[in-house]
Amino acid sequence: MFKVKSYVSRLLLIFSLFITACETNLQRETSKQVRLEPLATGDSKTKLVRDVVLEIGVAQQYDLHLNNTTDALIPSSSSNKKWRIWLQEIVEKEAGWRNIEDQYIAHLEANFSEAELNKLLNLAKQPVMKKWLQANMKAYSNVAPTRQKIAGKKCGLTTIQEK
């Protein structure tokens with residue numbers, strides 16, 4: 001009975017994630033319809049924001065964090081590897097960086113002055129900052145198995161091999 005409840009709860013979590021991804025996609029399409037065009041003077045600022053985002057690696061970080069949502073819902077095992085990869089691809093396609101980039105850029109553009117963005121870009125180009133950003137991404141990736149195991153236990157989801 002416990003195994004059935006575990007699989008049902010797992011299925012409900014996956015279904016919820018899929019619905020969330022679809023809803024995000026719908027909101028993205030709606031937000032693009034009402035999005036304001038940047039002012040002519042904002043073009044250089046928009047480019048500056050994009051340069052900062054590119055230099056810091058925000059897109060990669062965003063998609064990595066998004067994929068780890070799937071990892072938290074579906075504990076890693078050899079039996080569900082293809083399923084997890086498929087679900088990650090769907091989530092990334094529906095709610096990934098490409099879908100929110102314009103909104104993200106607009107938010108940063110509205111909250112930072114050109115002077116601040118220039119300082120951030122200069123900071124992001126510093127060797128020690130590049131080293132920090134790379135080490136941070138590597139550390140985040142390295143702890144993924146532990147994070148998956150903890151999340152799986154907290155949600156009551158364990159693989160058959162762990163039982």
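This is a chat between a trainee and a mentor about a predicted model of one protein chain.

Trainee: Okay, what kind of model am I looking at, and what's the secondary structure of the chain?
Mentor: It's a predicted model. The chain has eight helices and zero strands.

Trainee: And how do the elements run from the N terminus on?
Mentor: The order is α-α-α-α-α-α-α-α.

Trainee: What share of the chain is buried?
Mentor: Of the 163 residues, 33% are buried.

Trainee: How much of the contact count comes from residues 24 or more positions apart?
Mentor: Taking contacts with a separation of 6 or more, 82% are between residues at least 24 positions apart.

Trainee: Let's do H5. What span should helix H5 have, and what do its end C-alpha atoms say?
Mentor: H5 covers residues 97-111, so with 15 residues at 1.5 Å a residue you'd expect 21 Å. The end C-alpha atoms are 19 Å apart, which agrees.

Trainee: Where is the kink in H5 centred?
Mentor: On Gln-103, and the kink is about 30 degrees.

Trainee: Which residues of H5 are buried?
Mentor: Trp-97, Asn-99, Ile-100, Ile-105, Leu-108 and Glu-109.

Trainee: Switching to charges. How many salt bridges does the count come to?
Mentor: Four. As a general point, side chains of opposite charge can pair when their charged atoms come close.

Trainee: Which side chain does Glu-101 meet in a salt bridge?
Mentor: Arg-50, at 2.8 Å from N to O. That pair links distant parts of the chain, with Glu-101 in helix H5 and Arg-50 in helix H2, 51 residues apart.

Trainee: And what does Asp-102 form a salt bridge with?
Mentor: Arg-50 again, with the closest N and O atoms 3.2 Å apart. Here too the pair joins distant parts of the chain: Asp-102 sits in H5 and Arg-50 in H2, 52 residues apart.

Trainee: So what do those salt bridges with shared partners join up?
Mentor: Arg-50, Glu-101 and Asp-102 end up in one network.

Trainee: How accessible are Glu-101, Asp-102 and Arg-50?
Mentor: Glu-101 has 25% relative accessibility, so it counts as partly exposed. Asp-102 is at 26% and is partly exposed. Arg-50 is partly exposed with a relative accessible area of 31%.

Trainee: What about Lys-47, which side chain does it meet in a salt bridge?
Mentor: Asp-51, at 3.1 Å from N to O. Lys-47 and Asp-51 are four residues apart in helix H2, residues 42-56, so about one helical turn separates them.

Trainee: Is Asp-51 buried or exposed?
Mentor: In between: Asp-51 is partly exposed, with a relative accessible area of 26%.

Trainee: New topic, helix packing. How do H4 and H5 cross?
Mentor: Helix H4 is residues 81-95, and the axes of H4 and H5 come within 5 Å and cross at roughly 30 degrees. Angles under 35 degrees count as roughly parallel, so that label goes to H4 and H5.

Trainee: Which residues meet there?
Mentor: From H4 you have Glu-92, Lys-93, Glu-94 and Ala-95, and they meet Trp-97, Arg-98 and Asn-99 in H5. Trp-97 and Asn-99 are also among the buried residues of H5.

Trainee: And at what angle do H6 and H7 pack?
Mentor: About 75 degrees, with the axes 5 Å apart; H6 is residues 114-125 and H7 is residues 127-142. The range for roughly perpendicular is 65 to 115 degrees, so H6 and H7 are roughly perpendicular to each other.

Trainee: Which residues are in touch between H6 and H7?
Mentor: Leu-123, Ala-124 and Lys-125 in H6 meet Pro-127, Met-129 and Lys-130 in H7.

Trainee: Last bit, the glutamines. Where does Gln-88 sit, and is Gln-88 buried or exposed?
Mentor: Gln-88 is in helix H4, and at 17% relative accessibility Gln-88 counts as buried.

Trainee: What is Gln-88 in contact with, leaving aside neighbours within four places?
Mentor: Asn-67, Thr-70 and Asp-71. The C-alpha atoms of Gln-88 and Thr-70 are 6.2 Å apart, with their positions 18 residues apart along the chain.

Trainee: And Gln-148, which helix is that in?
Mentor: Helix H8, residues 144-154. Gln-148 has 12% relative accessibility, so Gln-148 counts as buried. Its C-alpha atom is 5.9 Å from that of Asp-71, and the two residues are 77 apart along the chain.

Note on methods: Residues are numbered from 1 along each chain as its sequence is written. This is a predicted model: local features need pLDDT of at least 70, side-chain atom pairs count only at pLDDT 80 or more; totals for chains, interfaces and linings use all residues. Side-chain values use heavy atoms; hydrogens and water are left out. Helices (H or I, at least four residues) and strands (E, at least two) are DSSP runs, numbered from the N terminus. The expected span of a helix is 1.5 Å times one less than its number of residues. The bend at a residue is the angle between axes fitted to the seven residues ending there and the seven starting there. Buried means under 20% relative accessible area, exposed over 50%, partly exposed in between (1.4 Å probe, protein chains only). Axes are lines fitted to C-alpha atoms, for helices over the stretch in contact, and angles run from 0 to 180 degrees between N-to-C directions. Angles under 35 degrees count as roughly parallel, over 145 as roughly antiparallel, 65 to 115 as roughly perpendicular and the rest as oblique. Contact means heavy atoms within 4.5 Å.
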